[in-house]
Amino acid sequence: MTELGGRLLAAWVADDWLPWYRRRRRPASVRVRHGHLRNHILPRWGDRRLNQIGGAEVQRWHGDLEAGGLKPSTVKGIHATFSAVLGRAVALGLLGRNPLAGVTPPPKRGEEREPWTMAEAAAFVAAEDDPAWRLCWALLAA
C-alpha cells in the first residue's frame with residue numbers, strides 16, 4: 001500500500017475516480033453513481049482516508065441506510081458504487097485490498113403481492129383496444 005492510500009475519499013473521488021469513470025461509462029450510469037456518491041457515500045465517508053475505511057463499519061452503515069428507509073436494492077447499488085471506487089484504488093496500488101470485499105449488502109426482500117381476482121383480470125383484458133394484445137393478455141391471465 002502506498003502513502004497515497006492516505007488520501008481523503010472525497011478528494012480521490014473528485015480528482016481521480018469520477019473523471020476516470022465518466023470517460024468509460026454512459027451518462028445515465030454516471031448519474032446513478034454520482035447520485036450514490038453525493039447523497040450517501042461522501043456525506044458519511046468523504047472525510048475518511050482511503051486506508052481508514054473498515055469493512056465492519058461499512059456493514060453496520062448498510063443497516064443504517066436500510067433503517068433510514070432505503071430499499072435493499074438501493075443499498076445494494078450504493079454498495080456497488082462504493083466497492084467500485086475502492087476497487088479502483090486497489091487496482092492502482094493505493095490500497096492493498098478492497099475493505100468492502102467481505103461486506104454484503106442486505107438481501108432483497110420479496111414483496112408479497114396478491115394475484116388478481118378473476119374480475120380484475122377480466123377488466124384488464126377488456127381495457128385493451130388491440131385484439132391481438134387482448135388475446136395475449138387473456139391467454140396469460142388464464
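1. Start with L9. Setting aside neighbours within four places in sequence, L9 is in contact with I41, L42, W45, G46, R48, L50, I53, F82, V85 and L86. Keep in mind that this is a predicted model. L9 also belongs to the largest nonpolar core, which has 26 residues, and L9, W12 and F82 are the members that touch the most others there.

2. Who builds that core? At least two residues each come from α1 (9-24), α2 (27-45), α3 (55-67) and α4 (72-91). The largest share is the one from α1, with seven residues.

3. α1 deserves a look of its own. Its buried residues are L9, W12, V13, W17, L18, W20 and Y21. The cover over the buried residues of α1 includes α2 and α4. A general point helps when you trace such a helix: an α-helix has 3.6 residues a turn, so residues three or four places apart point the same way.

4. Have a look at W17 too, since that is where α1 bends, by about 40°. A proline, P19, follows within four residues of the bend. W17 itself is among the buried residues of α1.

5. Next, the pair α3 and α4. At what angle do α3 and α4 pack? The angle is about 145°, and their axes are 9 Å apart. The crossing of these two helices is right-handed. On the α3 side the contact is made by V58, W61, H62, L65 and E66, and on the α4 side by P72, V75, I78, H79 and F82. Sorted by class, the contact has seven nonpolar residues, two polar ones and one charged one. F82 is worth noting twice: it takes part in this contact, and it is one of the three residues that touch the most other members of the largest nonpolar core.

6. Is H79, a residue of helix α4, buried or exposed? H79 counts as buried because its relative accessible area is 9%, and the cut-off for buried is under 20%. Not counting residues up to four places away in sequence, H79 touches H62, L100, V103 and P105. H62 is also one of the α3 residues in the contact with α4. If you want a longer-range landmark, H79 and H40 are 39 residues apart in sequence and 10 Å apart in space, C-alpha to C-alpha.

7. P72 is another residue of helix α4, and it also takes part in the contact with α3. P72 is buried, at a relative accessible area of 7%. Going along the chain from P72 to V85 takes 13 residues, and their C-alpha atoms are separated by 20 Å.

8. Now for R60, which sits in helix α3. R60 is exposed because its relative accessible area is 55%, with exposed meaning over 50%. Its C-alpha lies 9.6 Å from that of V103, although R60 and V103 are 43 residues apart in sequence. V103 came up earlier as one of the residues that H79 touches.

9. Last, W116. You'll find W116 in the loop between α4 and α5 (118-127). Which residues is W116 in contact with, leaving aside its neighbours within four places in sequence? They are A121 and F124. W116 counts as exposed, at 53% relative accessibility. For a sense of where it sits, the C-alpha atoms of W116 and R25 are separated by 40 Å, with these positions 91 residues apart along the chain.

Conventions:
Residues numbered from 1 in each chain as written. Predicted model: local features only at pLDDT ≥ 70, side-chain atom pairs only at ≥ 80, totals over all residues. Heavy atoms only, no water. Core = buried A, V, L, I, M, F, W, Y, C linked by side-chain atoms within 4.5 Å. Buried < 20%, exposed > 50% of the residue type's maximum accessible area, 1.4 Å probe, protein only. Contact = heavy atoms within 4.5 Å. Bend = angle between axes of the 7 residues up to and from the residue. Axes fitted to C-alpha atoms, helices over the stretch in contact; angles between N-to-C directions. Left-handed = near helix turned anticlockwise from the far one by under 90°. Nonpolar A, V, L, I, M, F, W, Y, C, P; charged D, E, K, R; others polar.
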